[in-house]
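Dear colleague,

Please find below the structure that I am handing over to you. My findings follow directly after it.

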Amino acid sequence: MSQKNSRIVLVTGGAGFVGSHAVLVLLEEGYSVIVVDNLVNAYKAENEELPESLIRVMKLTGKSLIFYNINLCDKNALKEVFSKHKIGCVMHFAALKAVGESCTIPLTYYSNNITGSIILFEVMKEAGVKNLVYSSSSTVYGNPQFLPLTETHPTGQGCTNPYGKSKYFVEEILKDLASSDKSWKVISLRYFNPVGAHPSGDIGEDPAGIPNNLMPYISQVAVGRQPKLLVYGNDYETHDGTGVRDYIHIMDLAEGHNYALKKLFSQDFSGFKAYNLGTGCGYSVLDVVKAFSAASGRKIAYDIVGRREGDIASSYCDSTLAFKELGWKANRLLTDMCADAWRWQSKNPNGFQ
Ligand SMILES: NC(=O)c1ccc[n+]([C@@H]2O[C@H](COP(=O)([O-])OP(=O)(O)OC[C@H]3O[C@@H](n4cnc5c(N)ncnc54)[C@H](O)[C@@H]3O)[C@@H](O)[C@H]2O)c1
């Protein structure tokens, strides 16, 4: 077994939205980064070796990285990566994430997100790499029993779709793994709603097809790629009747991973621990429409339609645990999220292509 180096981080799914911003922060912090991504949801030009997001990350940071086009389910290929590098830690972003699609092809989601994760953990164990930061989600809380959501809120109850369940199941697997072998150190970061882009506007969220999430949808309306936004329900018990969510700037979220990594390698840390990454503020759909309109100077056309099944009125977190134990808190405002999302969208109307 080769010697491990805590400054070498393997990032799964590093070509995607959250992963690429986290890779940028890691490179800026002086880590060596190895990305494993099968490009199922990331764009690479035919004549390039690397996906476009990572080419731009290298330009922005002036640093290089190593990229492998590998599916996590390919155990042998993954083993080879671990045998070649002295990996000290893994950040695990790779997953399929479209809620609606997960209800249509649940087996694909379970196989990719759960089997892929198990294979990764097996390979890590065999290689003696037992430090992990996992991308979890506020969806593990299901329908909130109280607000703001703290890490003590029950998880797994009322997870209504295979995507959300896959995030919950992997957390449970990690808890079992960490209690079976005390040398594992695992931090699960429960993201609320990551939005925005790097302030350069050179990397950002590039959804394939019609966007599932609010901010990319609004920015595509602003840039003329979608005719109008559909607002699902204005009769919720919120300040203006539309759904309220905790939006977090992608750079705050990416920086949270760096804080988690520092915690993971601190003397006092062991076992499994989950942290909420959000701002703790809830904004409604109409608040976001208004803020985006102000940031872009464009009118955002929208229609109010009926509620969507499975949607909840409000979700926002208490993020004080992350502040107390990781020393992290979100600093950027909704105006920054909209301004940066708009810069990315207007500089790249067709995303990375
Ligand atoms: N974006 C959000 O709103 C959000 C919210 C909560 C949690 N998360 C979690 O954060 C993580 C990253 O999300 P994202 O928004 O960056 O998604 P993304 O689709 O942009 O990035 C995921 C990346 O993983 C890769 N990938 C998927 N399956 C793979 C496999 N089997 N092998 C190798 N690579 C694979 C994709 O090609 C893609 O580049 C996911 O685990 C997601 O569940 C995202």
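Helix α2 holds both Arg56 and Glu52, which lie four residues apart, about one turn of the helix. In general, an α-helix has 3.6 residues a turn, so residues three or four places apart point the same way. The side chains of Arg56 and Glu52 meet in a salt bridge, with 2.8 Å from N to O. Arg56 counts as buried at 16% relative accessibility, and Glu52 is likewise buried, at 16%. Please note that this is a predicted model.

A second pair within one helix is found in α11, where Asp340 and Arg343 are three residues apart, about one turn of the helix. Asp340 forms a salt bridge with Arg343, and their closest N and O atoms are 2.6 Å apart. Here Asp340 is buried, because its relative accessibility of 9% is under the 20% limit. Arg343, by contrast, is partly exposed, with a relative accessible area of 34%.

Helix α11 itself runs over residues 334-347. At 1.5 Å a residue, its 14 residues should span 20 Å, and the end C-alpha atoms are indeed 20 Å apart. Its buried residues include Leu334, Met337, Trp342 and Trp344. Among the elements that cover the buried residues of α11 are α2, α7 (214-222), α9 (285-296) and strand β12.

Strand β12 also belongs to an open sheet of three strands, in the order β12-β9-β14, with mixed pairing. Both β12 (283-284) and β14 (314-315) stand at the edges with a single partner strand each, so one side of each has no neighbour in the sheet. Strand β9 (residues 244-245) pairs with β12 in the antiparallel sense over two bridges. Tyr283 in β12 is the bridge partner of Arg245.

Further salt bridges deserve mention, as a search of the whole structure finds 19 of them. Arg308 forms one with Asp311, the closest N and O atoms being 3.1 Å apart. Arg308 is partly exposed at 41% relative accessibility, and Asp311 is partly exposed at 27%. In addition, a network of salt bridges links Lys75, Lys79, Glu122 and Glu126.

Finally, there is a nonpolar patch on the surface. Leu230, Tyr232 and Val305 make this patch, which covers about 210 Å². Leu230 is placed in strand β8 (residues 229-232) and is partly exposed, with a relative accessible area of 37%.

With kind regards

Key
Residues are numbered from 1 along each chain as its sequence is written. This is a predicted model: local features need pLDDT of at least 70, side-chain atom pairs count only at pLDDT 80 or more; totals for chains, interfaces and linings use all residues. Side-chain values use heavy atoms; hydrogens and water are left out. Two strands pair if DSSP finds at least two bridges between them. Patches are made of residues with over 30% relative accessible area and no salt bridge: like charges are joined within 9 Å, nonpolar side chains (Val, Leu, Ile, Met, Phe, Trp, Tyr) within 5 Å. Accessible areas come from the Shrake-Rupley method with a 1.4 Å probe; for residues, only the protein chains shown count as cover. A salt bridge is a side-chain nitrogen of Lys or Arg within 4 Å of a carboxyl oxygen of Asp or Glu. Buried means under 20% relative accessible area, exposed over 50%, partly exposed in between (1.4 Å probe, protein chains only). The expected span of a helix is 1.5 Å times one less than its number of residues. Contact means heavy atoms within 4.5 Å.
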